[in-house]
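User: I'd like to go through this model and ask how each label was earned. Can you take me through the reasoning step by step?

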Amino acid sequence: MRNFEFYNPVKVMFGTDQLKKLSANLTPFKKILLLYGGGSIKKNGIYKKVNEELSNFTVFEFGGIEANPRYETAMKAVELIKNENIEFILAVGGGSVIDAAKFIAAARFYENGDPWDILAKNKTVNKSLPIGCILTLPATGSEMNMGSVITRNSTNEKLSFLSPLSYPKFAILMPEFAASLPQRQVANGIVDSFVHVIEQYVTYPADAPLQDRFAESILKTLIEEGPKVYENPADYNAMSNLMWCSTMALNGTISTGVPSDWSVHMIGHELTALYEIDHARTLAIVLPGIWKALRNEKKEKLLQYAARVWNIYGGTDNEKIEKAIQKTVDFFESLGIDTQLNKYNINKESIKLIVERFENRGWKVFGDRQLVTLEIVKKALEYQL
Ligand code: NZQ
Ligand code: ZN
C-alpha cells in the first residue's frame, strides 16, 4: 500500500428530518447566499422548506446555475457576494450547484487576475468563503469532497480544480429530496458513482485488499440498488443506498493508499464541453473504449473486477475481460444510457477534434502509470463509434 494522508472535514447529516439542523450549522454566519439551479427546488418544495429554516438569517438568492455550471454565471454570483458582503454560501442542488458554490467561494477572494486561472493554470486557492450544501441529486460526491468542475462558455472548456478549502462545512443528505428526480438523472447518478469507483479501482494491484473490497462493495450495491431507484426514485430505502454509495464513491476513502486513473473523466469532460452530453453518459461511452484499448495493461484488476463484481470465472483471461466489459455495458444500457458515440451523433471527425484539444493544452499522457497517450484516446473513442 502507498503512503497516504486522509483528511475529510465534512459533517454529514443523513436521513429524514435533517433540515431542522440547518440553522444551528449556519451559526455564526448571518448573511447567507442561497445558491440553486434551474428551478427544480421550487417545483418540488425544497426551496420553501429551506427558506423556512432560514428565518433568522439575512438571505440573498442566486438561482440559475446551469447543469455543467458556467464560469460566466458564477462570476455574477461573485459580484453579488462582494457587493453584499455575504459570509456563507448554501448550495441547494446537485453536483453542478455545489461545484459552482466551491468556485464562487474561491473566486470571491482571488486577487491575482482572472479566477479562471484557478482552473486553467492550477493557481492555488489561498482563501475561500465557507460553504454548506443540501444535496438533491446523488451522483458526483461533490457534497463531501474538495473538487469542482466548471465550464467556460467563451472557450467551451470544462476544467476542474481541487482545494482543501473547498470542502463543504456540512452536507445535508435527505434521500426524500431526490424523490422528484427524473429517471434520466437517477440513471446518471448511478453511472457517475459507478465510474468514480472504477477510476480508483481498475488500475493495477497495490496490495490494498481493504480498499479493493470497499470499492467492490460500492459497485455491487449500485448494481443491486440502482435498478430499484431507477424504477422508483421515491423508494426511500433504495434512494438512501444510492445516496450513500455516491457520497462514499468520491469522498477520498476508497482512494487512500492506491493509484487512481481519471482518464475516463478527462476524456468525458471534452465530450460534455463540445457536445453537451450529460456527464455520466460521457463516462458510459468512454469507459468500455478505454478498457478495450488498455485490456492488457489493466488485465489484473479487470480480471479481479470480472470475478468479484460479476462472478465471471470461466474461460480464458481475454474472454473473462470481454464478458466483464459487456456486463458493464449491459448494466449502463439497462438504465437507458447509450454507450456508443453514433447514438449521440458523434463521428470520427469529432474524435480528431478531441485529440487536438488535448494536444493544444499540452496534455500528452494521463491516467494511471501515464498509460493514456493521445493514440490511446483515439483508439478508445474509435472502439465506441
Ligand atoms: O438545475 P435544477 O433545476 O435544480 O435541475 C437539475 C438539473 O437540471 C436536476 N435536479 C437536481 N436535483 C433534482 C433535479 N430535478 C428534480 N428533482 C431533484 N431533486 O438535475 C439536473 C442535473 O443536475 P446537476 O447538478 O447538473 O447533476 P449532477 O449532480 O450529475 O452534477 C453534474 C456536474 O458535476 C460535475 C460534472 O462534471 C457536472 O458538471 N462533477 C463534479 C464532481 C466533483 N465535484 O467531485 C465529480 C464528477 O465526476 C463530475 O465531474
Ligand atoms: Zn463523475
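**How the labels are earned**

Analyst: Let's begin with the sheet: S2 and S3 pair in the parallel sense over five bridges. Keep in mind that this is a predicted model.

User: What makes S2 and S3 a pair?

Analyst: Two strands count as paired because DSSP finds at least two bridges between them, and S2 and S3 have five. One bridge joins Lys31 to Thr58 in S3.

User: How do you know that S2 and S4 pair as well?

Analyst: The cut-off is at least two bridges, and S2 and S4 share five, in the parallel sense. In that pairing Leu33 stands opposite Ile89 of S4.

User: What makes S4 and S5 a pair?

Analyst: Five bridges again, set against a requirement of at least two. Strand S4 covers residues 88–93 and strand S5 residues 131–135, and they run parallel. Gly93 faces Leu135 in S5.

User: Which helix packs on the sheet and touches S2, S4 and S5?

Analyst: That's helix H5, residues 95–107, whose direction makes about 165 degrees with that of S4. Helix H4 (residues 71–84) lies across S2, S3 and S4, at about 160 degrees to S3.

User: What is the strand order in the open sheet?

Analyst: The six strands go S1-S8-S5-S4-S2-S3, with parallel pairing.

User: Why are S1 and S3 called edge strands?

Analyst: Strand S1 (11–14) and strand S3 (58–62) each pair on one side only. As for the twist, it averages 20 degrees from one strand to the next.

User: Why is S2 described as largely enclosed?

Analyst: Five of its six residues are buried, so the rest of the structure largely encloses S2.

User: Now the metal. What makes a residue a donor to the zinc ion (ligand 2)?

Analyst: A donor needs an N, O or S atom within 2.8 Å of this metal. Asp192 (OD), His196 (NE2), His265 (NE2) and His279 (NE2) lie 2.0 to 2.1 Å from the zinc ion, so they qualify as its protein donors. Their spacing in sequence is D-x3-H-x68-H-x13-H.

User: How far apart in the chain are Asp192 and His279?

Analyst: They're 87 residues apart, and the pair links distant parts of the chain: Asp192 belongs to helix H7 (residues 183–199) and His279 to helix H11 (residues 279–293).

User: Why is Asp192 called buried?

Analyst: Its relative accessibility is 3%, and buried means under 20%. His279 also counts as buried, because its value is 17%.

User: Is Asp117 buried or exposed?

Analyst: Buried: Asp117 has 13% relative accessibility, set against the under 20% limit. Asp117 sits in helix H6 (residues 117–120). Beyond neighbours within four places in sequence, Asp117 contacts Tyr110, Asn122 and Lys123.

User: How do you know that the protein chain agrees with a compact globule?

Analyst: For 385 residues, a compact globule would have a radius of gyration near 21 Å; the protein chain has 20 Å, so the two agree. The C-alpha atoms fill a box of roughly 65 × 45 × 45 Å along the principal axes.

User: What share of the 385 residues is buried?

Analyst: Buried residues make up 58% of them. The protein chain exposes about 16100 Å², with carbon and sulfur atoms supplying 48% of that area.

User: What does the secondary structure of the protein chain come to?

Analyst: It comes to 15 helices and ten strands. Of the contacts between residues at least 6 apart in sequence, 78% join residues at least 24 apart.

Methods:
Residues are numbered from 1 along each chain as its sequence is written. Chains are lettered from A and ligands numbered from 1 in the order in which they are written. This is a predicted model: local features need pLDDT of at least 70, side-chain atom pairs count only at pLDDT 80 or more; totals for chains, interfaces and linings use all residues. Side-chain values use heavy atoms; hydrogens and water are left out. Helices (H or I, at least four residues) and strands (E, at least two) are DSSP runs, numbered from the N terminus. Axes are lines fitted to C-alpha atoms, for helices over the stretch in contact, and angles run from 0 to 180 degrees between N-to-C directions. Contact means heavy atoms within 4.5 Å. Donors are N, O and S atoms within 2.8 Å of the metal (3.2 Å for Na, K and Ca); water is not among the atoms, so sites may look incomplete. Buried means under 20% relative accessible area, exposed over 50%, partly exposed in between (1.4 Å probe, protein chains only). The radius of gyration is taken over C-alpha atoms; the globule rule is 2.2 Å times the number of residues to the power 0.38. Accessible areas come from the Shrake-Rupley method with a 1.4 Å probe; for residues, only the protein chains shown count as cover.
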